[in-house]
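User: I would like to go through this model by question and answer, with the reasoning behind each value laid out.

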Amino acid sequence: MYNPIFGLARDGLPIIGLCALATLVAALLRWPVPAVALLLLTAFCLNFFRDPDRAAPTGPGLAVAPADGVVCKMGEAADPLTGEMRQVVCIFMNVFNVHVNRAVVDGTVTEVRYIPGKFFNASFDKASTDNERNVLGLRDADGGQWSVVQIAGLIARRIVCQAMPGDSLKRGERYGMIKFGSRLDVYLPRGYHPAVTMGQKTMAGVTVLAQKGD
């Protein structure tokens with residue numbers, strides 16, 4: 001759905017191209033300081049928009065992390081789609097993480113809801129309720145309803161979600177990204193429990209985020 005080009009996220013290509021062009025122009029005009037600064041900016045963008053291939057773990061009852069980052073919050077919170085209290089796992093992404101987001105489980109997209117808001121630091125608790133965000137509802141094969149929230153941060157001003165209601169996603173499949181620092185909250189359906197701990201680093205599509213219990 002959201003496959004990379006030359007190992008880079010599609011949404012990053014215009015930004016990388018613009019930075020590279022500006023670097024070339026500065027170099028041709030013999031402006032050494034701007035040229036070096038723009039070259040560093042181009043390198044930063046290449047690193048930020050990288051999108052490596054990954055293989056999701058197999059097996060029933062597993063959900064994978066939707067993002068690279070660090071688990072910054074766990075507990076119970078109101079699901080933004082249903083309003084019910086559910087287990088939530090939050091992952092904070094800094095500017096050095098891969099920012100492509102991946103599906104947590106095999107499932108069908110039931111809803112995509114964009115919610116306008118502010119741009120507080122994504123690591124703050126109020127980011128879940130006050131920041132600009134996009135909620136993806138996903139129903140798995142057992143009927144479990146997942147809510148995955150892409151949250152814009154202090155620097156992030158662009159949420160990308162290619163998934164649409166009715167789409168089928170595979171565990172670990174790419175479906176979007178958030179540009180320049182952000183956070184994802186995953187609301188677990190009943191019967192699942194977190195398989196990560198506070199402060200643990202996650203890798204999108206690889207780290208087991210939650211498991212189905214007895």
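The exchange below takes up the predicted model, beginning with the chain as a whole and going on to two helices and the cysteines.

User: How many helices and how many strands are there in the protein chain?
Analyst: The model is a predicted one, and 46% of the 214 residues of its protein chain count as buried. Among contacts with a separation of 6 or more, 71% are accounted for by residues 24 or more positions apart. As for secondary structure, the protein chain has three helices and 14 strands.

User: What share of the accessible surface of the protein chain belongs to carbon and sulfur atoms?
Analyst: The accessible surface of the protein chain comes to about 10100 Å². Of that area, the part that belongs to carbon and sulfur atoms is 61%.

User: Which residues of H1 are exposed on the side away from its buried residues?
Analyst: Helix H1 has 16 residues and reaches 22 Å from its first C-alpha to its last, close to the 22 Å expected at 1.5 Å a residue. Its buried residues are Ile-16, Cys-19, Thr-23 and Ala-26, and because they cover an arc of only 95° around the axis, they lie on the same side of H1. On the other side of H1, the exposed residues are Pro-14, Leu-18 and Leu-28.

User: Which residues does Thr-23 touch, not counting those up to four places away in sequence?
Analyst: Thr-23 is found in helix H1, and it counts as buried because its relative accessibility is 12%, where the cut-off is under 20%. What covers the buried residues of H1 includes H2. Leaving out residues up to four places away in sequence, Thr-23 touches Ala-35, Leu-38, Leu-39 and Thr-42.

User: What covers the buried residues of H2, among other elements?
Analyst: Helix H2, residues 32–48, has 17 residues and reaches 24 Å from its first C-alpha to its last, close to the 24 Å expected at 1.5 Å a residue. The buried residues of H2 are Ala-35, Thr-42, Cys-45 and Phe-48; they cover an arc of only 145° around the axis, which puts them on the same side of H2. The face turned away from that buried side carries the exposed residues Pro-32, Val-33, Leu-39 and Leu-40. The cover over the buried residues of H2 includes helix H1 (13–28) and strand E10 (174–178).

User: How far apart are the C-alpha atoms of Phe-48 and Val-98?
Analyst: Phe-48 is found in helix H2 and, at 1% relative accessibility, counts as buried. Phe-48 and Val-98 are 50 residues apart along the chain, yet the separation of their C-alpha atoms is 6.3 Å.

User: How many disulfides does the count come to?
Analyst: A disulfide needs a pair of cysteine sulfur atoms within 2.5 Å, and by this rule the count comes to zero disulfides. Cys-19 is in no disulfide, as the nearest cysteine sulfur, that of Cys-45, is 4.0 Å away, and Cys-19 is buried, with a relative accessible area of 11%. The count of disulfides is therefore zero.

User: Why is there no bond between Cys-90 and the closest cysteine sulfur?
Analyst: Cys-90 counts as buried, at 1% relative accessibility. The closest cysteine sulfur to that of Cys-90 is in Cys-72, and it is too far for a bond because the cut-off is 2.5 Å, whereas the separation of these two sulfurs is 5.3 Å.

Methods: Residues are numbered from 1 along each chain as its sequence is written. This is a predicted model: local features need pLDDT of at least 70, side-chain atom pairs count only at pLDDT 80 or more; totals for chains, interfaces and linings use all residues. Side-chain values use heavy atoms; hydrogens and water are left out. Buried means under 20% relative accessible area, exposed over 50%, partly exposed in between (1.4 Å probe, protein chains only). Helices (H or I, at least four residues) and strands (E, at least two) are DSSP runs, numbered from the N terminus. The expected span of a helix is 1.5 Å times one less than its number of residues. The arc is that of the directions from the helix axis to the C-beta atoms. Contact means heavy atoms within 4.5 Å. Accessible areas come from the Shrake-Rupley method with a 1.4 Å probe; for residues, only the protein chains shown count as cover.
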